[in-house]
Amino acid sequence: MTKWVYTFGDGAAEGRAGDRNLLGGKGANLAEMCSLGLPVPPGFTITTEVCNAYYANGRTYPAALEESVLSALDHIGALTGRRFGDPSKLLLVSVRSGARASMPGMMDTVLNLGLNDETVEALAADSGDARFAYDSYRRFIQMYSDVVMGLDHEVFEEILEDQKASLGHELDTELTAAEWQGVISLYKAKVEEELGKPFPQDPHEQLWGAIGAVFSSWMNSRAITYRRLHDIPESWGTAVNVQAMVFGNMGDTSATGVAFTRNPSTGDRQLYGEFLVNAQGEDVVAGIRTPQNITEAARIAAGSDKPSLQKLMPDAFQAFVDISDRLEKHYRDMQDLEFTIERGKLWMLQTRSGKRTAKAALKIAVEMARDGLITKEEAVARIDPASLDQLLHPTIDPKAARDVIGMGLPASPGAATGEIVFSSADAEDARAQGRKAILVRIETSPEDIHGMHAAEGILTTRGGMTSHAAVVARGMGKPCVSGAGSLRVDYKAGTLVSMGQTFRKGDIITIDGGNGQVLKGAVAMLQPELSGDFAAIMEWADAARRMKVRTNAETPLDARMARSFGAEGIGLCRTEHMFFDGARIVAMREMILADTEKDRRAALDKLLPMQRSDFLELFEIMAGLPVTIRLLDPPLHEFLPKTEAELAEVASAMNVSADKLRQRTEALHEFNPMLGHRGCRLAVSYPEIAEMQARAIFEAAVEAGRKAGALVVPEIMVPLVGLVKELEYVKARIDAVAQSVMQETGTKIDYLTGTMIELPRAAIRAHVIAEAAEFFSFGTNDLTQTTFGISRDDAASFLETYRQKGIIEQDPFVSLDVDGVGELVRIAAEKGKATRPGIKLGICGEHGGDPASIRFCEDVGLDYVSCSPYRVPIARLAAAQAAVAAAKGAAKRA
């Protein structure tokens with residue numbers, strides 16, 4: 001028979017900390033604290049399985065639940081000497097949520113449950129404090145009506161404020177018992193007026209209403225949003241915790257508060273928190289009264305004239321300090337604590353691992369490892385890799401006011417302020433004049449690359465997390481908000497319209513790439529800091545990981561940045577990105593639009609020295625580390641002239657008429673260019689392109705080797721291969737050029753030729769392709785597109801709907817689809833190794849910087865991951881965590 005309810009109290013509990021999947025974090029930790037002998041009000045936990053059953057069965061409870069709850073209430077009564085619903089032995093309870101993962105403030109709580117017109121008098125007599133009793137009752141009516149009955153709490157706040165004004169009171173604590181009775185009468189009348197029914201008086205009806213409200217809050221909008229932002233599955237469900245009430249509002253010897261065992265912003269080893277005298281928990285977080293500091297040191301630092309808990313209640317304070325230290329040592333982590341002091345006695349209401357900034361997480365993990373509380377491997381595992389973004393980019397000061405004018409997707413982390421510009425040319429002009437700009441576009445294209453580079457940040461009204469703007473911005477380390485669909489951009493009018501406000505070129509806005517907000521005006525920023533703790537964690541991570549971490553880079557700036565972040569080579573140099581510069585794009589267009597091989601070679605002769613110079617600089621920056629260069633892989637339409645002025649410029653350079661060029665442009669038009677004449681197909685049709693690039697690579701490698709006095713071994717990657725004969729054809733051209741350069745320079749050149757696996761056919765036929773390929777690099781961006789048959793540039797319009805409806809859990813362009821795309825990667829890796837045991841395997845799509853995808857890469861046995869420069873530290877940490885997890889898994893199986 002399924003056990004739906006677990007009890008705890010008086011030093012014993014049916015659950016433990018390891019039962020968080022079943023009891024939720026709060027319930028598991030209440031049970032653990034109880035088992036440790038700490039002062040915890042007795043109670044019980046209704047499991048997360050009830051939540052799942054509740055939703056699976058049309059919001060109805062399992063048949064045996066009611067009996068189990070009544071039995072658990074009797075258990076609380078036996079420990080407290082009280083009885084729920086019995087005025088002569090009054091037992092009041094709190095009802096709180098508690099999911100497996102901490103979701104602060106996202107779900108509902110009800111306190112003082114069991115009060116009614118009769119039991120409030122019993123509470124007054126029992127406590128000897130009528131004012132406290134009626135204060136508790138009005139709190140219960142307000143909270144229950146809001147959480148369970150759906151009557152907004154502001155309705156009650158309005159009544160209370162009116163009453164305080166008419167009575168001449170400023171604070172809630174000034175109202176007398178009789179005055180609270182008057183407020184209660186007004187509250188109950190308002191409930192009946194608004195809802196057409198009286199406030200419930202039956203304690204058992206109240207209890208089941210509160211339990212239902214907590215389960216229902218699992219699916220409220222704020223909880224759904226929080227789960228989406230933090231990747232918490234809906235299937236986890238929430239538990240419900242019912243506990244005997246303890247009262248922090250029982251006079252001046254009572255209090256309630258929250259605290260962290262260390263500072264959650266800095267990680268400093270000091271008790272950090274607040275409390276209120278004569279209050280209940282919601283008062284601390286609601287901001288109705290200004291909380292007081294817990295420690296005297298914090299009070300002095302804050303310049304507060306209100307006494308600290310340390311001074312006001314020294315015995316309770318010391319007991320709290322002792323428990324705080326004990327819990328941190330027991331859980332071996334910084335704890336977030338809730339407590340109540342009832343007439344001088346301390347009660348613990350919650351402990352959980354505290355949320356913290358990335359800076360604090362690093363400091364705490366490093367200090368605990370050095371203190372011997374945790375191992376270095378555990379310290380590495382404690383850091384959320386994605387949180388390192390906070391340390392690598394400017395962020396908005398948490399204290400700053402935010403005037404939000406729009407929302408989009410948090411496409412690239414960091415924050416930026418600048419004047420609005422609507423074109424790349426204007427972004428470059430602003431930078432040249434020393435002004436900061438935000439490039440605002442409906443969507444970006446490869447031709448915007450220089451404007452994106454010049455801008456402080458990028459804002460687009462279309463596109464998803466893997467759109468062109470998002471991918472390029474992440475590679476550059478620029479903040480980006482994409483897909484801000486509520487904004488309207490009018491290029492012709494030069495306006496951005498949002499929420500009834502019109503912004504023009506030159507107006508100042510701020511974007512927050514961490515949460516997708518678009519803000520009016522300039523907002524205060526915090527600049528990134530890389531501490532010694534960061535270096536220590538990275539050192540420990542590097543010692544633990546197996547996979548290498550390379551970067552995707554084709555500019556010297558990106559390459560140097562990636563090296564400073566610890567990149568161990570270049571895993572993807574996208575050569576087509578090197579051609580969008582002014583002089584280069586004209587020569588590139590000449591090559592594409594040429595009618596004959598002779599004319600193409602003439603254009604390629606202009607590009608050769610540019611390419612050679614590019615590769616030489618990358619080889620020098622990488623100083624002997626591997627560099628994988630992908631041969632040209634653009635859909636040709638990205639380079640074609642789009643305006644009459646661009647057409648005239650190319651026509652002049654080629655000495656042909658604009659009409660002839662226009663006809664050639666139209667002839668090259670493709671209906672689906674992403675699946676068209678690109679990648680190795682270009683090299684087969686026009687081998688002279690691959691020959692020019694191979695020559696530039698080999699000549700640069702020879703020169704770099706001579707300068708360094710060490711061999712440079714380039715890795716040449718042939719893209720979009722689906723047939724082994726495609727690779728063999730292109731490889732033969734590469735080998736021929738290598739032989740020519742060796743003869744011309746008298747220098748032996750070592751190099752590898754491989755391919756990018758980005759087509760399902762290539763994955764399935766990997767054993768054959770490996771006969772010609774010396775390495776595989778999985779291009780999971782295109783492999784995802786071709787496996788799903790989805791364009792990543794258009795997918796944002798429906799993938800979020802799919803996720804909301806439970807069809808997919810994650811955007812497959814953000815985190816690798818392990819079951820489908822991942823299976824193709826696994827097949828290709830296994831088949832490639834079977835043919836060529838020493839084949840080098842890596843991944844170079846956006847997934848190379850995604851921690852969940854990196855775990856999969858470790859499982860499959862890839863040799864390296866490659867990601868954008870600013871994600872290199874994230875990948876290093878994630879690769880270490882994956883290696884540690886894999887080693888633990890292997891040890892368990894053994």
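Ser-387 sits in the loop that runs between helix H15 (376-382) and helix H16 (389-392). Helices here are DSSP runs of H or I with at least four residues, strands are E runs of at least two, and both are numbered from the N terminus. With a relative accessibility of 14%, Ser-387 counts as buried; the label buried is for values under 20% relative accessible area, exposed for those over 50%, and partly exposed for those in between (1.4 Å probe, protein chains only). Its C-alpha atom is 24 Å from that of Gly-571, a residue 184 positions apart from Ser-387 along the chain.

A word on the model: it is predicted, with local features needing pLDDT of at least 70 and side-chain atom pairs counting only at pLDDT 80 or more, while totals for chains, interfaces and linings use all residues. Residues are numbered from 1 along each chain as its sequence is written, and side-chain values use heavy atoms, leaving out hydrogens and water.

Now for two loop residues with positive phi, neither of them glycine.

| Residue | Phi | Loop between | Relative accessible area |
|---|---|---|---|
| Asp-10 | near 55° | strand S1 (5-9) and strand S2 (12-13) | 65%, exposed |
| Met-499 | near 50° | strand S22 (495-498) and strand S23 (501-504) | 61%, exposed |

What about the cysteines? Searching the whole structure turns up zero disulfides, a disulfide being a pair of cysteine sulfur atoms within 2.5 Å. Cys-573 is in none, and its nearest cysteine sulfur, in Cys-844, is 11 Å away. Cys-844 in turn has its closest cysteine sulfur in Cys-857, at 11 Å, so that pair is too far apart for a bond. Cys-573 is buried at 0% relative accessible area, and Cys-844 is buried too, at 3%.

On to the surface, where patches are built from residues with over 30% relative accessible area and no salt bridge, joining like charges within 9 Å and nonpolar side chains (Val, Leu, Ile, Met, Phe, Trp, Tyr) within 5 Å. A salt bridge, for the record, is a side-chain nitrogen of Lys or Arg within 4 Å of a carboxyl oxygen of Asp or Glu. One patch of negative charge brings together Asp-152, Glu-154, Glu-158 and Asp-162. Asp-152 belongs to the loop between helix H5 (130-147) and helix H6 (153-167), and is partly exposed at 39% relative accessible area.

Phe-798, Tyr-802 and Ile-807 make a nonpolar surface patch of about 280 Å², with areas from the Shrake-Rupley method and a 1.4 Å probe. Ile-807 lies in the loop between helix H32 (796-804) and helix H33 (821-835), and is exposed at 55%.

Terms used. Lys, Arg positive; Asp, Glu negative; His and termini not counted. Charge placed at Lys NZ, Arg CZ, Asp CG, Glu CD.
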